Amino acid sequence: MLSLTTLFSNPQTLLVIKGTFLIAEAIYAIFAYIVVRQVALMTLTLQTEFTPLFKLLAYIHFYAVLGLMLLTLLLL
Amino acid sequence: MKLLYSSYVKDPVGVCFTGEDSDEKILLVLRKHVITNLRWILGTILLFNAPVIAAAVLRVNGVTSLDFMPLTFRFIGLTLWYIISFGYFFTSFLIWFFSTYIVSDKRVVDIDFHGFIHRSFSEALLSNIEDLTHRVSGATQVIFHFGTVDIQTAGESREIEFEKVPNPAHVQDFISDLTAKFHHHRRENA
């Protein structure tokens with residue numbers, strides 16, 4: 001039986017995992033951008049004192065994913 | 001602040017909706033009862049604790065350390081997991097927060113966000129409201145005192161539903177009094 005240590009020390013395995021992470025992050029980044037746009041629409045429909053907070057959280061969420069993609073490319 | 005977590009806010013401050021008239025006053029903002037959020041709240045708790053649970057399961061199965069995977073991979077994987085968990089919590093909360101039922105001194109408004117990307121906006125003038133009924137069905141609704149208020153309007157048999165709102169009897173009574181007052185003023189001015 002192949003040990004986990006042997007499996008994860010294989011550069012090809014790590015490359016596949018890196019590719020999987022990048023694809024997942026790219027797909028999620030699209031979703032996070034949709035969240036940003038939808039929050040803009042929601043806050044336009046119903047304006048409250050929390051509108052700036054929701055917009056800020058949506059942008060932080062989106063840029064966090066983008067930052068993570070960059071980290072994935074740099075670190076992995 | 002109450003607007004952030006409450007399903008029943010009377011005379012809310014700092015709230016306006018699209019299409020609101022300048023002389024219009026919002027009297028009541030309603031949402032689905034907080035208990036209806038239990039599923040996604042528990043889901044969020046589960047998601048945030050999943051790495052801890054996974055580590056415990058692995059330990060039970062003899063995997064005591066994750067050192068076989070490089071630290072950078074573990075960091076990226078964990079960060080992505082928590083970002084996705086936050087995304088789930090955030091979108092679920094937003095759907096609940098923005099799916100509102102508004103009662104103003106001129107109309108009733110039903111703003112629905114189905115899923116996350118589908119929006120519907122229905123309104124009925126107080127003058128067009130013909131019939132009001134409320135329903136409380138099921139043990140959960142009885143225990144937590146929430147239900148549905150059906151607002152029948154004139155014209156094309158359109159109905160607006162205030163689904164799973166707190167104190168449905170009081171909401172019905174509130175709208176009924178408002179409608180009566182509206183018709184009374186109209187008769188006086190006629």
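Me: Before we start, what counts as a polar contact here?
Reply: A polar contact is a pair of N or O atoms within 3.5 Å, where, within protein, one must be able to donate a hydrogen and the other to accept it. The model in front of you is a predicted one, and between chain B and chain A it has 4 residue pairs in polar contact, both residues being at pLDDT 80 or more.

Me: And how many salt bridges between chain B and chain A?
Reply: The count of salt bridges between the two chains is 0.

Me: What is the area buried between chain B and chain A, then?
Reply: About 3,300 Å² is buried between them, and carbon and sulfur atoms give 84% of that area. Phe68(B), Phe73(B) and Ile76(B) supply 20% of what chain B buries against chain A, which is more than any other three residues.

Me: Which element gives the largest share of chain B's side?
Reply: That is H3(B), with 18 residues, and by class the side of chain B that touches chain A has 28 nonpolar, 8 polar and 1 charged residues.

Me: Switching topic, what is the strand order in the open sheet of chain B?
Reply: The sheet has 5 strands in the order E1-E3-E4-E5-E6, with antiparallel pairing, and its edge strands, E1 (8-10) and E6 (118-125) of chain B, each pair on one side only. From one strand to the next, the twist averages 10°.

Me: Which helix of chain A packs on the sheet?
Reply: Helix H2 (residues 11-45) of chain A does, touching strands E5 (107-114) and E6 of chain B, and its direction makes about 170° with that of E5(B).

Me: Where does Gln47(A) find its bridge partner?
Reply: Its bridge partner is Cys16(B), in E2(B), and strand E1 (residues 46-47) of chain A pairs with E2(B) in the antiparallel sense over 2 bridges.

Technical notes: Residues numbered from 1 in each chain as written. Chains lettered and ligands numbered in written order. Predicted model: local features only at pLDDT ≥ 70, side-chain atom pairs only at ≥ 80, totals over all residues. Heavy atoms only, no water. Pairing = 2+ DSSP bridges. Helix = DSSP H or I, 4+ residues; strand = E, 2+ residues; numbered from the N terminus. Axes fitted to C-alpha atoms, helices over the stretch in contact; angles between N-to-C directions. Contact = heavy atoms within 4.5 Å. Buried area = accessible area lost by both parts, 1.4 Å probe. Salt bridge = Lys/Arg side-chain N within 4 Å of Asp/Glu carboxyl O. Polar contact = N/O pair within 3.5 Å; in protein donor to acceptor, adjacent residues only side chain to side chain. Nonpolar A, V, L, I, M, F, W, Y, C, P; charged D, E, K, R; others polar.
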